[in-house]
Structures are given as C-alpha cells and as structure tokens.
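Me: I want to test the labels put on this model. Please take them one at a time and set each against its cut-off.

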Amino acid sequence: MENRRFPNRCVFGLALLLACGPASLATAAEPLEAAVKATFLYKFIAFVSWPQSAFATAESPFRICVAGPDPFGDLLDRAVAGQSAGGRPIELLRRPKFDRGSGCHLLYGSGTQDGLRGEPVLTVSDADAPGGPMAGAVITFVLQDDRVRFVIDAAAIQDNRLSVSSKLMSLAVRQ
C-alpha cells in the first residue's frame with residue numbers, strides 16, 4: 001500500500017512544480033543567492049587580516065554588521081552560530097546605517113560605503129548598489145553565469161589598512 005501512495009505524491013509534486021512555472025523557480029534562486037552571500041561573508045574572515053588597532057581590547061568580539069535592508073534573514077545568523085574569528089566570538093549587528101567608529105570589522109551594505117574608506121573595515125556590497133558598480137566597497141558581489149562571484153578593490157584594501165590573502169585575491173573575478 002505504501003508503494004502505491006509514493007507515485008501519487010511524486011506526480012502531485014511534479015504537477016505543483018509545473019503549475020508554479022519559471023517565476024517560482026526564479027524566486028527560489030533568491031534565497032540561494034542570499035545563502036551563498038552569507039556564507040561568503042563568514043568565509044572572507046579567514047582570508048583577511050585586520051590591524052590590532054581595529055579591536056578595542058584583546059577580548060573584543062569580531063563584529064559583522066549589516067547596514068540597511070537585510071537580505072539574509074537568519075541565514076547569516078546560522079552561518080556564524082558558534083563560530084569565532086581569530087579566537088574572538090562573532091557578534092552580528094543590524095542597523096539602518098553604520099558610521100566611522102562603529103566597531104564593525106566586516107560590513108555588508110547595499111548603499112555606498114565611501115564613508116568608511118580609511119577605516120579598518122572589510123566593506124562588502126553588491127554590484128547593483130547605489131553609487132556605482134563598486135559603491136566604495138573592498139569586495140563587491142557580482143553575478144556571472146548565474147553564480148555569485150566577487151570583485152576585490154586592491155586600492156580599497158590598502159586604504160582600509162587590511163591585508164587580504166593571495167588565495168582570496170586569486171578567486172576574485174577581474175573587471
């Protein structure tokens with residue numbers, strides 16, 4: 001009896017998928033894109049070095065900040081849960097805007113990030129962010145061949161007094 005019910009479920013599932021059409025498949029890609037970006041944000045930490053002056057004390061947490069609209073929901077929370085960065089606990093902060101001196105070490109935002117130029121902050125944005133294709137960010141996410149990739153601005157790395165591993169640099173796309 002169990003075997004007879006299984007094909008009916010498969011047919012129902014397939015019919016539902018076909019009824020939903022390509023529009024639903026496109027929206028399914030959006031959460032996947034956000035999940036990939038959330039994972040990248042956490043993984044970038046291992047390939048970047050911050051000056052000691054970026055931390056108030058030896059026990060200060062590593063702060064990941066999300067400025068403006070948060071495309072990640074709880075995806076970023078799950079990616080960093082129980083993780084540490086250089087022996088420091090990771091703390092997530094979400095606000096409409098972060099300014100100089102906010103204590104962020106990695107900041108993701110959809111707006112221009114020129115205001116943090118010169119601060120020891122790894123700024124990350126999207127290619128379609130206001131302010132142009134790089135929006136002043138150290139790392140900019142881009143979509144190429146339906147894959148999330150990233151561009152690294154070498155001048156912004158130096159301006160922000162960060163050191164980025166050659167391994168990460170080699171994974172970046174050229175623009």
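The turns below go through the labels, from the overall layout to single pairs.

Me: What kind of model is this, and how many helices and strands are there in the protein?
Reply: The model is predicted. There are 4 helices and 9 strands. From the N terminus the order is α-β-β-α-β-β-β-β-β-β-α-β-α.

Me: What share of the residues is buried?
Reply: Buried residues make up 37% of the 175 residues. The accessible surface comes to about 10,200 Å², and 57% of that belongs to carbon and sulfur atoms.

Me: What makes strand β2 largely enclosed?
Reply: Strand β2 covers residues 62–67, and 5 of its 6 residues are buried, so the rest of the structure largely encloses it.

Me: How do you know that β2 pairs with β4?
Reply: Pairing needs at least two bridges. β2 and β4 (residues 88–95) have 6, in the parallel sense. One example is Cys 65, whose bridge partner in β4 is Leu 93.

Me: What makes β5 a partner of β2 as well?
Reply: The cut-off is again at least two bridges. Between β2 and β5 (residues 106–109) there are 4, and the strands run parallel. Ile 64 has Leu 106 as its bridge partner in β5.

Me: How do you know that Cys 65 and Cys 104 form a disulfide?
Reply: The sulfur atoms must lie within 2.5 Å. Those of Cys 65 and Cys 104 are 2.1 Å apart, so the pair qualifies. The structure holds 1 disulfide. This pair links distant parts of the chain: Cys 65 sits in strand β2 and Cys 104 in the loop between β4 and β5, 39 residues apart.

Me: Why is the disulfide of Cys 65 and Cys 104 given its handedness, and which one is it?
Reply: The torsion about the S-S bond is about -100 degrees, so the disulfide is left-handed.

Me: Are Cys 65 and Cys 104 buried or exposed?
Reply: Buried means under 20% relative accessible area. Cys 65 is at 0%, so it counts as buried. Cys 104 is at 5%, so it is buried too.

Me: What makes Glu 33 and Lys 37 a salt bridge?
Reply: The nitrogen and the carboxyl oxygen must lie within 4 Å. For Glu 33 and Lys 37 the closest N and O atoms are 2.9 Å apart, so the pair passes. Both residues lie in helix α1 (residues 2–44), 4 residues apart, about one turn of the helix.

Me: Why do Glu 33 and Lys 37 get separate burial labels?
Reply: The buried label stops at 20%. Glu 33 has a relative accessible area of 24%, so it is partly exposed. Lys 37 is at 9%, so it counts as buried.

Me: How do you know that Asp 74 and Arg 78 form a salt bridge, and how are they labelled for exposure?
Reply: The closest N and O atoms are 3.3 Å apart, so the pair is within the 4 Å limit. Exposed means over 50%. Arg 78 reaches 54%, so it is exposed. Asp 74 has 44%, so it is partly exposed.

Me: What makes the salt bridge of Arg 100 and Glu 119 a tie between separate parts of the chain?
Reply: The closest N and O atoms of Arg 100 and Glu 119 are 2.9 Å apart. Arg 100 lies in the loop between β4 and β5, and Glu 119 in the loop between β5 and β6 (122–126), so the pair ties together parts 19 residues apart in sequence. Arg 100 is partly exposed, at 48%.

Me: Which residues do salt bridges with shared partners join into one network?
Reply: Glu 33, Lys 37 and Asp 126. The search of the whole structure finds 10 salt bridges.

Me: Why is the pair of Phe 44 and Phe 141 called stacked?
Reply: The structure holds 9 aromatic pairs. In this one, Phe 44 and Phe 141 are 6.0 Å centre to centre, with 25 degrees between the planes. Stacked requires planes under 30 degrees apart, so the label fits. Phe 44 is in helix α1 and Phe 141 in strand β7 (residues 139–144), 97 residues apart. Phe 44 is buried at 1%, and Phe 141 is buried at 2%.

Me: Why is the pair of Phe 44 and Phe 150 called edge-to-face?
Reply: Phe 44 and Phe 150 have 75 degrees between their planes and centres 5.1 Å apart. Edge-to-face needs over 60 degrees, so the label holds. Phe 150 lies in strand β8 (residues 147–152), 106 residues from Phe 44 in helix α1. Both Phe 44 and Phe 150 are buried.

Me: Which residues do the ring pairs link into a cluster?
Reply: Phe 40, Phe 44, Phe 72, Tyr 108, Phe 141 and Phe 150.

Methods. Residues numbered from 1 in each chain as written. Predicted model: local features only at pLDDT ≥ 70, side-chain atom pairs only at ≥ 80, totals over all residues. Heavy atoms only, no water. Buried < 20%, exposed > 50% of the residue type's maximum accessible area, 1.4 Å probe, protein only. Helix = DSSP H or I, 4+ residues; strand = E, 2+ residues; numbered from the N terminus. Salt bridge = Lys/Arg side-chain N within 4 Å of Asp/Glu carboxyl O. Areas by Shrake-Rupley, 256 points an atom, 1.4 Å probe, with all protein chains shown as cover. Phe/Tyr/Trp six-rings, centres within 6.5 Å; stacked < 30°, edge-to-face > 60°.
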